[in-house]
Amino acid sequence: MNEETEEITTRAHWQGLPVVAIAGRPNVGKSTLFNRLLHSRRAIVDPTPGVTRDPLEAEWLPDGAEKPVMLVDTGGLKLERDDMDDLVAAKTWERVASADLVLFLLDAVDITPEDEEFAAKLRRYASKTVVVVNKADSPERDARAWSHASWGYKDMVFVSAEHGRNIGELEELIVSRLKWTNAVSVSDEHDDIRVAIMGKPNVGKSTLLNRLLGAERSIVSDMPGTTRDVIEGRFVWKGRTFTVLDTAGMRRKAKVTENIEYYSVNRTIKTIDRADVVILMIDAVEGLSDQDKKIVKLATDKGRAVVFALNKWDMMPRIKNTFEATKDKMQFFFAQMAYAPILSLSAKDGDGVDTLLKTVVDLFVQLHTKIETSRLNRAVHDWIEASPPPASPRARFKVRYAVQTGINPVSFAVFATRPELVGESYRSYLKNQIRADLGFKNVPIELELKASRKRFEDLEK
Ligand code: GDP
């Protein structure tokens with residue numbers, strides 16, 4: 001499974017975000033700036049590479065903003081061009097035309113006639129253009145670029161995308177120039193609970209499915225999905241609609257032989273992508289398989305909730321504490337996932353099915369929990385007081401404030417001075433606190449650390 005496919009298929013969170021386009025001739029450092037602004041490897045939504053030279057874009061939360069912006073790297077922009085480039089260029093100029101803010105990037109050491117042409121072409125967008133002089137590694141270099149202030153652009157910032165100089169100033173400027181009036185969250189909201197039933201062959205997936213669809217008011221099995229995917233069926237339980245998505249291995253059941261690759265990796269990824277909750281069925285007698293571990297990783301990396309269902313529980317020896325012992329073993333195995341619910345089930349007899357569905361509903365609710373920024377920050381404040389970041393004289397950081405950046409998948413951004421110093425253990429501490437105190441007990445959360453010099457109190461003014 002390749003890393004990239006895992007990274008790029010995240011759900012969109014917003015519509016109508018203000019668009020910030022980075023434009024300029026080749027080699028001025030557009031993609032370096034793009035990456036510098038996104039800062040951490042994990043953007044809220046990872047960049048989606050289109051056709052090779054299409055613009056790259058990503059949702060990005062600048063320091064001091066409560067909602068993200070759509071950051072676009074108009075990599076394809078070139079003045080000299082062939083036919084193919086023409087198309088690309090037309091697309092990119094469209095992007096520039098429709099952007100809310102254009103960062104016109106220059107190279108402090110090398111300002112060329114091509115830059116001047118760009119400046120001329122961009123003039124009609126002057127009111128929404130900011131000149132960003134890159135590779136300005138030192139104030140001396142700033143001086144050289146000042147001569148271009150005559151191009152008539154109001155705002156000019158000197159940065160070093162590579163070394164991070166003045167990036168904070170640039171972020172501040174960006175935030176001050178944008179409005180979020182049209183931004184609405186559209187994180188693929190739906191009322192039906194989308195479930196993927198996964199697990200190795202013969203673990204009991206079909207048995208469970210039949211039982212679920214046999215339940216109260218089931219609607220056709222084997223129906224085409226409303227959007228892109230095949231779904232196995234829908235049913236209603238206690239007033240909630242559940243959609244069971246295409247389940248790996250289920251369909252080709254008839255042709256099963258021992259060595260078949262049951263899980264087409266792409267198909268599994270796609271299904272997980274569309275699911276809210278993954279029910280991972282595990283044979284209680286046989287225990288975990290390697291495939292199970294891969295599925296769990298895929299699902300949690302994408303922020304999907306996972307529930308472990310130990311099926312064929314009816315076959316387990318009736319001795320005291322069997323369940324506790326099995327649960328302990330599982331939690332030992334999935335140490336980072338001790339938060340995920342583990343249940344016993346007999347798909348055949350129906351024991352545990354109600355508890356399973358109740359758990360799925362609960363997970364769905366957790367995935368959709370929204371915490372107000374003020375409440376979150378009061379909590380953050382308390383956590384830091386209870387357990388301050390480890391301080392050594394050289395390596396000190398302060399946690400400034402936090403915002404919830406998404407539901408389903410649940411994500412948070414924590415702003416700190418020098419986020420690079422925040423170690424894995426403090427990060428886990430914060431995650432665990434968010435989980436324990438704010439209603440995300442059993443679901444994965446993504447926590448992004450970002451640089452900030454601002455305090456929460458300053459932001460509230
Ligand atoms: P799938 O390949 O995951 O879809 O597995 P099936 O649903 O076809 O089940 C495989 C076998 O396990 C069948 O013979 C089922 O009757 C049996 N089975 C499924 N669930 C249970 C259970 O909870 N208890 C017991 N004892 N057998 C079960």
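The dialogue below walks through two sheets, a salt bridge, two backbone details and a cavity in a predicted model.

Q: What holds the strands of a sheet together, and in which senses can they pair?
A: Strands of a sheet pair through backbone hydrogen bonds, and the pairing is either parallel or antiparallel. One case here is an open sheet of six strands, with mixed pairing and the order β3-β4-β2-β5-β6-β7.

Q: Which are the edge strands of that sheet?
A: An edge strand pairs on one side only; here that describes β3 (56-60) and β7 (155-158). Direction ignored, neighbouring strands of this sheet are turned by 25° against each other on average.

Q: Which helix packs on the sheet, and which strands does it touch?
A: Helix α4, residues 113-122, packs on it and touches β5 and β6 (129-134). The direction of α4 makes about 165° with that of β5.

Q: In what sense do β2 and β5 pair, and over how many bridges?
A: Strand β2 (residues 19-23) pairs with strand β5 (residues 101-107) in the parallel sense, over four bridges. To find the register by eye, start from alanine 23, which stands opposite phenylalanine 104 in β5.

Q: How should I read a salt bridge, and how many are there?
A: Side chains of opposite charge can pair when their charged atoms come close. The cut-off used is a side-chain nitrogen of Lys or Arg within 4 Å of a carboxyl oxygen of Asp or Glu. By this rule the count is 12 salt bridges. One of them joins the side chains of aspartate 107 and lysine 135, at 3.1 Å from N to O.

Q: Where in the chain do aspartate 107 and lysine 135 sit?
A: Aspartate 107 belongs to strand β5, while lysine 135 is in the loop between β6 and α5 (139-146). The two residues are 28 residues apart, and their pair links distant parts of the chain.

Q: What is phi of lysine 135?
A: Phi is near 60° for lysine 135, a positive value in a residue other than glycine. That residue has its place in the loop between β6 and α5, so to speak of it as a loop residue follows the DSSP runs.

Q: What is the strand order of the three-stranded sheet?
A: This second example is an open sheet with the order β16-β17-β18 and mixed pairing. Its edge strands, each pairing on one side only, are β16 (399-406) and β18 (445-451). Neighbouring strands are turned by 20° against each other on average, direction ignored.

Q: How many bridges join β17 to β18?
A: Seven bridges join them, and the two strands run parallel. For a single pair to look at, take phenylalanine 415, whose bridge partner in β18 is lysine 450.

Q: Which residues does the cis peptide bond join?
A: The bond joins asparagine 408 and proline 409, with omega about 5°. Proline 409 lies in the loop between β16 and β17.

Q: How many cavities of 30 Å³ or more does a search of the whole structure find?
A: The search finds two. The second largest has a volume of about 40 Å³.

Q: What lines the second largest cavity?
A: Its lining consists of Leu376, Val380, Trp383, Ala402, Phe412, Val414, Leu430, Ile434 and Leu447. By class, nine are nonpolar, with no polar and no charged residues.

Q: Which elements supply at least two residues of that lining?
A: They are α12 (373-386), β17 (410-416) and α13 (424-438). The most comes from α12, with three residues.

Methods. Residues are numbered from 1 along each chain as its sequence is written. This is a predicted model: local features need pLDDT of at least 70, side-chain atom pairs count only at pLDDT 80 or more; totals for chains, interfaces and linings use all residues. Side-chain values use heavy atoms; hydrogens and water are left out. On a 1 Å grid over the protein atoms alone, a cavity is a set of points where a 1.4 Å probe fits but cannot get out, and a pocket is an open set with protein on both sides within 12 Å along at least five of seven lines; lining residues have an atom within 4 Å of a point. Grid points are joined across faces, edges and corners, and a volume is the space filled by probe spheres set on the points. Ala, Val, Leu, Ile, Met, Phe, Trp, Tyr, Cys and Pro count as nonpolar, Asp, Glu, Lys and Arg as charged, and the others, Gly among them, as polar. Two strands pair if DSSP finds at least two bridges between them. Axes are lines fitted to C-alpha atoms, for helices over the stretch in contact, and angles run from 0 to 180 degrees between N-to-C directions. Contact means heavy atoms within 4.5 Å.
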